[in-house]
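Thank you for making time for this one this morning. Please keep the sequence and the model open in front of you while I talk, and stop me if you lose the place.

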Amino acid sequence: MTSAGVIVPEQIITQFLEAAERERASDIHIDPHGEEVIVRIRIDGILKEITRMEIGLLETVISRLKILAQLDITNHTNPQEGHFELVSTLVEANGDRRILNVRVSIFPTIHGESVVMRLLNRKELLIPLVQMGFDASDRKLVEGLSQMPYGMLLSTGPAGSGKTTLLYSILNTLASPEKNIITLEDPVEYQLQNVRQSQIHPERNFTFEAGIRSILRQDPDIIMVGEIRDGVTAETAIQASLTGRLLLSTLHANSSVGTIARLLHMKIDRSLIAYALNGVVAQRLVRRVCQACKAPYSPEPHTLELLGVAPGTMEFIKGAGCDKCNKTGFQGRIGIFEILIVDNDLRKAIVEHEPIDKIQLLADQKGLKTLRADGIRKISAGLTTPEEILRISI
C-alpha cells in the first residue's frame, strides 16, 4: 500500500517475485478460494504457501499482470498466456541484478481467474551437460547423438523436467559461425550466440509446422523445434530431419520407448519414425540432498521394496534440514535420464510392426539404462533419496 492506503498492484507483484527469488522458486501460483486468495511458490518441484490476500485484490493484481504480459484485460472467461521481462530487485553477491523472463498463464475458475507465473532465470538455462547429472557414459551418448549430421533427437518428459534446458545446452555446444542453426520457440527463453531464433505466433498462422517449412528454404544445418505438439508438426519435423538436417525437439512422453508409442499414436508412418529417429533422452528432475546437512539414514523397508532395492545393499543419505535448505533437507535438483539409441535392430522392429512391449524388451536386452536404474544410481551416490525417486513415479 501507499501512505494513503491505496493498493498498488505493482508492489504486490514485486513482493511475490522477491519471495520467489529468495527461495529459488520456479513458479508462483495465485489461486482464488472463496473469500481469499492463496499464494504459493514451487521450490525444487514442491509447492509452498507464502501468503494469503483478500479476494478483492485479485482483479487489480491480475489486471496489472495482463498489462505487463500484453494480454486482453477485458477477457475474464478464456485462458490467456503471455510473458514479460524485468530486472530483479534483488542484488546478487557480485553486485549484478538478474534479468527474469516471466511466463504468465491465466485460467478462469469458478472463484475467479487464477494465475501461474513461471520464472525463467536465463543463467540457469545454459547449464553444461557435465552439470546436469549425466554420468560419463550417458554424456558421451548425448554428445554423439548431437553430432549426427541428420535425423532427429528428441528430449521427452513431463512439463518442468528440464527438456528445454537440455536442448539449449546442446545448441550452445554446437553453435559456431560455420553452422546455420535456426530455432522455432514459444517463447524464446534465452538468446544464443550464432543461433537464429524465431518466436512462433499461432494467432498469425506462424505455427511450428509453418515455421519448419519456411526454415528449410533457409538452408539450415541444425533445426530446433521447441515442442512437437501434434501429428502434423511431428510429420513435418520428421520430413525435415530426413533432408540432411539434424532436428532437435521436445515431446511429452513417459519414457524413451514410450516416445515411439506417442509418435505412432500421432499416426506417423512407422518407416518415417524408424529412419528419422536417432535417439531419445527421457528425463525427470529430482531434488538433490542438501550437502550442508546430509546424514546417513534408513528408509522404510516398504519404500525400498517399491523401488526394488534390497536393504543393506547401499548406504542411504538424506538432509536433516538446515537454514541453507530452508529446513527441507534438499537444495537444488538433478536430472534422472534414460537414453535410447535407435539402431538397425530397433528400426527393423519398428518397421515390422512389433508391439511396443517387444520394442521395450529389445531395448532392455541392448542395455537400456532405465530412468529408475539411473535414479537408483544417484541414490547410491548420495545425491537423492528413495522417497524422492518414488515421488516422481518412475
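I will begin with the cysteines, and for those we need one cut-off, namely that a disulfide is a pair of cysteine sulfur atoms within 2.5 Å. Please also keep in mind throughout that what you are looking at is a predicted model.

With that cut-off in hand, how many disulfides does a search of the whole structure find? The search finds zero. Let me take you through two of the cysteines, C322 and C325, to show where that result comes from. For C322, the closest cysteine sulfur is the one in C293, and because the two sulfurs are 3.7 Å apart, they are too far from each other for a bond. For C325, the closest cysteine sulfur belongs to C322, and here the separation is 3.8 Å, which is again too far for a bond. As for their surroundings, C322 counts as buried at 16% relative accessibility, and C325 is buried as well, with a relative accessible area of 1%.

Let me turn now to the aromatic residues. The structure holds one aromatic pair, and the two partners are F134 and F337, whose rings are stacked, with 3.8 Å from centre to centre and 15° between the planes. Where in the chain do F134 and F337 sit? F134 is in the loop between β6 (112-121) and α3 (136-146), while F337 is in strand β15 (residues 330-341), so that the pair, whose members are 203 residues apart, links distant parts of the chain. Both F134 and F337 are buried. There is also a contact between a charge and a ring that I would like you to find, in which the charged end of R287 sits over the ring of F330, at 4.1 Å from the centre of that ring.

Next, a few points about the backbone. If you go to the peptide bond from D186 to P187, you will see that it is cis, with omega near 0°, and that P187 belongs to the loop between β8 (181-185) and β9 (196-199). Then there are two residues to look at for their phi values. N205, although it is not a glycine, has a positive phi of about 65°; this residue is found in the loop between β9 and α5 (208-215), and with a relative accessible area of 64% N205 is exposed. H353, which is likewise a residue other than glycine, has a positive phi near 65°, and its place is in the loop between α10 (344-351) and α11 (356-365). Is H353 buried or exposed? At 58% relative accessibility, H353 counts as exposed.

I would now like to move to the second largest pocket, which holds about 220 Å³ of space. Its lining includes D138 and L141, then I339, L340 and I341, and, further along the chain, A363, K366 and K369, among others. Which elements each supply at least two residues of this lining? They are α3 and β15, and it is β15 that gives the largest share, with three residues. Sorted by class, the lining has seven nonpolar residues, one polar residue and four charged residues.

One of those lining residues, L340, also brings us to a pair in space, since the C-alpha atoms of L340 and D364 are 9.7 Å apart while the two residues are 24 apart in sequence. D364 lies in helix α11, and with a relative accessible area of 35% it is partly exposed.

I will close with two further pairs that are separated along the chain. G382 is placed in the loop between α12 (371-380) and α13 (386-391), and at 9% relative accessibility G382 counts as buried. From G382 to E315 there are 67 residues in sequence, and 7.9 Å in space from C-alpha to C-alpha. The other pair starts from V61, which lies in helix α2 (residues 58-68) and is buried, with a relative accessible area of 1%. The partner here is V8, 53 residues away along the chain from V61, with 8.5 Å separating the two C-alpha atoms.

How values were computed. Residues are numbered from 1 along each chain as its sequence is written. This is a predicted model: local features need pLDDT of at least 70, side-chain atom pairs count only at pLDDT 80 or more; totals for chains, interfaces and linings use all residues. Side-chain values use heavy atoms; hydrogens and water are left out. Buried means under 20% relative accessible area, exposed over 50%, partly exposed in between (1.4 Å probe, protein chains only). Rings of Phe, Tyr and Trp (its six-membered ring) pair if their centres lie within 6.5 Å; planes under 30 degrees apart count as stacked, over 60 as edge-to-face and the rest as tilted. Helices (H or I, at least four residues) and strands (E, at least two) are DSSP runs, numbered from the N terminus. A charge sits over a ring if NZ of Lys or CZ of Arg is within 6 Å of the ring centre and within 35 degrees of the ring normal. On a 1 Å grid over the protein atoms alone, a cavity is a set of points where a 1.4 Å probe fits but cannot get out, and a pocket is an open set with protein on both sides within 12 Å along at least five of seven lines; lining residues have an atom within 4 Å of a point. Grid points are joined across faces, edges and corners, and a volume is the space filled by probe spheres set on the points. Ala, Val, Leu, Ile, Met, Phe, Trp, Tyr, Cys and Pro count as nonpolar, Asp, Glu, Lys and Arg as charged, and the others, Gly among them, as polar.
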